[in-house]
Protein chains: 2
Amino acid sequence: MPNNQFKKGELYSFITGKASTAIARRLQKNFKQAGLDITIEQWSVLYHLWKEEGQSQQQLCDATFRDKPSITRLVDNLEKLKLVKRVPSKEDRRINLIYLTKEAVQLQEKSMEVANQTLNEALNGVTNGQIEIAKEVLHTVYDNLK
Amino acid sequence: MPNNQFKKGELYSFITGKASTAIARRLQKNFKQAGLDITIEQWSVLYHLWKEEGQSQQQLCDATFRDKPSITRLVDNLEKLKLVKRVPSKEDRRINLIYLTKEAVQLQEKSMEVANQTLNEALNGVTNGQIEIAKEVLHTVYDNLK
DNA sequence: GGCATATAGTTGTTTATGCAACTACATAAA
DNA sequence: TTTATGTAGTTGCATAAACAACTATATGCC
């Protein structure tokens, strides 16, 4: 699209991802303020486990768009914090299934509340229509690069 | 905005920043393929120095939305690669002014070409109108969190 | 069965980030 | 002039990312 050319200059800050990291940083701060001692990366893993427990590390890779070493280490740290447990699969001994501890289950309500508040803060003044279009753009970009 | 509520679930992957890091990762790969041995973070610093040389580290912090330690270390690494030089300011001895080496000047053309190609790839099928709105959303989010 | 190949997960290395604590210099007020 | 306060930059520490190389298990084909 050559007629996108003139707009690119302003988009380089998007490449370096600074709007999304601004939200991420704020969420991290709000977690801390609420007494929640987890990182947003750890939270993003828990988020998918709250939806469905007992996923394999590979499934968590796909869900969070991370590579395998990243998930290995995030699960390492979540295990150290006693928030998840690796359970070897009985059908396939290569696979670890990841389960939540009681502590992690208790984290869900409060942390989702903080996350929702943070998104409200960030999206204040943005209309639903604008959000829809922004999501479309993100999906298109993601598909283009897959 | 309580009527944004129902849309949030789909936005959490935006918090963890995966659309923009997809572009960043692709740009990194394209740099490598083109024989450019710099990281996108280093490139984002060079990008602002190509626009104006001799900026202080603090100015680079503001331009790239990074904190001071991050810029200290990016400049460290860029100095190791012999792409920039720290020059102490004569007016204010606290300040380092950052200048480009000949090698860094020569990097500009090729790396901007690769960056433009990458953005074309990523934004293929996205209309100018959609881009405008996405940028508005990013700016609003950024202002909300400042 | 035995071998090639694919898949799940781990480890090592380099680079980057966020935060807190620190040094050095500058400026303004007492 | 001294003292307080602010600003520029650095260092240490923990966490995370990308990439490559590795181990262990599973599967498909001869």
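Helices (H or I, at least four residues) and strands (E, at least two) are DSSP runs, numbered from the N terminus. The model is predicted, so local features need pLDDT of at least 70 and side-chain atom pairs count only at pLDDT 80 or more, while totals for chains, interfaces and linings use all residues. Residues are numbered from 1 along each chain as its sequence is written, chains are lettered from A and ligands numbered from 1 in the order in which they are written, and side-chain values use heavy atoms, with hydrogens and water left out.

Chain A has 7 helices and 3 strands. Read from the N terminus, its elements follow the order α-α-α-β-α-α-β-β-α-α. Of the 146 residues in chain A, 47% are buried, where buried means under 20% relative accessible area, exposed over 50%, and partly exposed in between (1.4 Å probe, protein chains only). Contacts (heavy atoms within 4.5 Å) also describe the fold of this chain: among those with a separation of 6 or more, 51% link residues 24 or more positions apart.

Two residues of chain A illustrate its interior. Leu60(A) lies in helix α4, residues 57–64, and counts as buried because its relative accessibility is 0%. Beyond its neighbours within four places in sequence, Leu60(A) is in contact with Val45(A), His48(A), Leu49(A), Gln55(A), Ile71(A) and Ile98(A). Its C-alpha atom is separated by 9.7 Å from that of Ser44(A), 16 residues apart along the chain. Thr101(A) belongs to the loop between β3 (96–100) and α6 (102–122). This loop residue counts as buried because its relative accessibility is 15%. Residues up to four places away in sequence aside, Thr101(A) touches Lys82(A), Leu83(A) and Val84(A).

In chain B, strand β3 (residues 96–100) is joined to strand β1 (residues 55–56) by 2 bridges, and the two run antiparallel; two strands pair if DSSP finds at least two bridges between them. Within this pairing, Ser56(B) stands opposite Leu97(B). Strand β2 (residues 84–88) also pairs with β3(B) in the antiparallel sense, over 5 bridges. There, Lys85(B) has Tyr99(B) as its bridge partner.

The helices of chain B also contain buried positions. Ile23(B), in helix α2, counts as buried because its relative accessibility is 1%. Ile23(B) and Glu121(B) are 98 residues apart in sequence, yet their C-alpha atoms are 9.3 Å apart in space. In α4(B), the buried residues are Gln57(B), Leu60(B), Cys61(B) and Thr64(B). Seen down the helix axis, these buried residues fall within an arc of 110°, so they line one face of α4(B); the arc is that of the directions from the helix axis to the C-beta atoms. An α-helix has 3.6 residues a turn, so residues three or four places apart point the same way. Just after α4(B), Phe65(B) takes a positive phi of about 60°.

The description now turns to the DNA. A residue is near a strand if one of its heavy atoms lies within 4 Å of it. Around DNA strand C there are 26 residues, of which Gln58(A), Arg73(A), Thr39(B), Arg66(B) and Asn77(B) come nearest. Sugar or phosphate contributes 61% of the atoms of DNA strand C within 4 Å of the protein, and bases the rest. The largest share of the surface near this strand, 5 residues, comes from α5(B). By type, the surface residues divide into 4 nonpolar, 9 polar and 13 charged; Ala, Val, Leu, Ile, Met, Phe, Trp, Tyr, Cys and Pro count as nonpolar, Asp, Glu, Lys and Arg as charged, and the others, Gly among them, as polar. A phosphate oxygen of DNA strand C is 2.5 Å from a polar side-chain atom of Arg66(B), and one is 2.7 Å from a side-chain N or O atom of Gln57(A).

DNA strand D is surrounded by 26 residues, the closest being Thr39(A), Asn77(A), Arg25(B), Gln58(B) and Arg73(B). Of the atoms of DNA strand D that come within 4 Å of the protein, 62% belong to sugar and phosphate. Here α5(A) supplies the largest share of the nearby surface, 5 residues. Bases are approached by two arginines: a polar side-chain atom of Arg73(A) lies 3.5 Å from a base nitrogen, and one of Arg94(A) lies 3.4 Å from a base oxygen. At the backbone of Asn96(B), an N or O atom lies 2.9 Å from a phosphate oxygen of DNA strand D.

Note on methods: Polar contact = N/O pair within 3.5 Å; in protein donor to acceptor, adjacent residues only side chain to side chain.
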